[in-house]
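Reader: Please take one part of this model and look at it closely. I would like the sheets, the helices that pack on them, and the contacts in between.

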Amino acid sequence: MADSLRHARSLEELVRPLLELLQAVTGLDSTYLTRVDETAGVQQITHAYNTSAALHMPEQLIVPWADTLCRRALLEQLPCTNEVATHWGDSAAASELGIGTYASTPVHTADGQLIGTLCAASAGRADIAEGAERLLRMFAALIGQHIERERLIEQLRIAHQALQLTADTDALTGLPNRRALMQELDRRLLQHAQADTQLLVGFIDLDDFKQINDRWGHAAGDRFLSQIAQRLRQAQRPEDYCARLGGDEFVILVSLGHTFADEQHDTVIDQIEQRLEAMTCGHFQLGADISLDYQGPSIGLIRVGGSSNATEVLTLADAAMYQRKQLRHAQRTG
């Protein structure tokens, strides 16, 4: 038992040796652990150790909770008996399984919730070893504590995932934030360098965003950012990655599965840029009486290779975006 407790890393590893030990002490044909779902009104045998053909408790067997010996034992406070036919002769479950001698104790969580039972049974009338009831209670407590620990670990895992998601997500747009972007960009740079493939990095700056805030307020500006984010999601392929860098700046990563020749480079960038521009310009409804025909952002796309890091790549993409912004400005004012 000490070894089982010390080395058990899962409920499975804990319960199997305990059932064998419980059988050895009680001398009964079968020992088993059940799960009880009082809401659904069912009981299921999850683990069983059978030593005799006279009584075989099948794992995964599901029976109505209302008719089980476990429930009757709890209600009548009769944890052990070798006269099942006398006490519970009307039990269909006992009759079908052929149980003559029976012992059980409940398995509870720390707050007292019934989650299962630990049982031992034989087909005929058998003497129940002295101390068997105490052993049942002790083992049930150990199992309950282990289940509680596994539940706590699962809750912590879920909480950690939620916290990680919050830490890596922009609250306004739901896109990955700067922190997540830098990690993903470094990961992809390494991946593409090792595979000798290419990564396109697009830096997107929302021209005239300040004017939107100044004219209609920050609430309208936030709605504009959210709608831009939604359109960028629609523009990207499943393998692409889009993030909000901060403010009115977004970044998109486009993984290419093969290396393009130099003469194809401009064509590929133009196609991606056109797709992004088509998705991010046009009509935006920012409120019941606030509409905007947006001329589109400035987008700088660069092809990345070699051993660059995320910071260097974003600096280059930002520079490409700024050149694009100056060109757009010249076209507007020229």
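Author: What follows starts with the six-stranded sheet and its helices, then turns to the four-stranded one.

This is a predicted model, where local features need pLDDT of at least 70, side-chain atom pairs count only at pLDDT 80 or more, and totals for chains, interfaces and linings use all residues. Residues are numbered from 1 along each chain as its sequence is written, and side-chain values use heavy atoms, with hydrogens and water left out.

Some terms come up throughout. Helices (H or I, at least four residues) and strands (E, at least two) are DSSP runs, numbered from the N terminus. Two strands pair if DSSP finds at least two bridges between them.

The open sheet of 6 strands runs in the order β3-β2-β1-β6-β5-β4. Its pairing is antiparallel. β3 (62-64) and β4 (80-81) are the edge strands; each has a single partner, so one side of each is left without a neighbour in the sheet.

Take β1 (residues 30-37). 6 of its 8 residues are buried, so the strand is largely enclosed by the rest of the structure. Buried means under 20% relative accessible area, exposed over 50%, and partly exposed in between (1.4 Å probe, protein chains only). β1 pairs with β2 in the antiparallel sense over 8 bridges. V36 stands opposite Q43 in β2. The two strands form a hairpin with 4 residues between them. G41, in the turn, has a positive phi of about 75°. β1 is also joined to β6 (residues 114-122), by 6 antiparallel bridges. There, L33 stands opposite L118.

β2 also pairs with β3, antiparallel, over 3 bridges. Q44 stands opposite I62 in β3. Two helices pack on this sheet. α2 lies across β1, β2 and β6, at about 65° to β2. α6 touches β1, β4, β5 (101-108) and β6, and its direction makes about 35° with that of β5. Contact means heavy atoms within 4.5 Å. Axes are lines fitted to C-alpha atoms, for helices over the stretch in contact, and angles run from 0 to 180 degrees between N-to-C directions.

The helices also pack on each other. α2 (residues 11-26) and α6 (residues 132-167) meet at an angle of about 180°, with their axes 11 Å apart. That makes α2 roughly antiparallel to α6. Angles under 35 degrees count as roughly parallel, over 145 as roughly antiparallel, 65 to 115 as roughly perpendicular and the rest as oblique. Residues of α2 in this contact include L11, L14, V15 and L18. Those of α6 include L135, L136, F139 and I143.

H47 links several of these elements. It is found in β2 (residues 42-50). At 8% relative accessibility, H47 counts as buried. A polar contact of 2.9 Å joins the side chains of H47 and T46. Such a contact is a pair of N or O atoms within 3.5 Å; within protein, one must be able to donate a hydrogen and the other to accept it, and residues adjacent in sequence count only if both atoms are side-chain atoms. Not counting residues up to four places away in sequence, H47 touches L11, E12, V15, R16, L19, T31, Y32, L33 and E59.

Now the other sheet. It is open, with 4 strands in the order β8-β9-β7-β12 and antiparallel pairing. β8 (241-246) and β12 (298-304) stand at its edges, each with a single partner strand, so one side of each is left without a neighbour in the sheet. Neighbouring strands are turned by 20° against each other on average, direction ignored. β8 and β9 (residues 249-256) are joined by 5 bridges. C242 has I252 in β9 as its bridge partner. G247 is found in the loop between β8 and β9. At 42% relative accessibility, G247 counts as partly exposed.

Helices cover this sheet too. α9 (residues 218-235) lies across β7 (198-205), β8 and β9, at about 5° to β9. α11 (residues 310-333) lies across β7, β8, β9 and β12, at about 140° to β12. Buried residues of α11 include V313, L314, A317 and M321. What covers the buried residues of α11 includes α7 (178-195) and the strands β7, β8, β9 and β12. N309 caps the N-terminal end of α11, with a side-chain oxygen 3.1 Å from the backbone nitrogen of T311.
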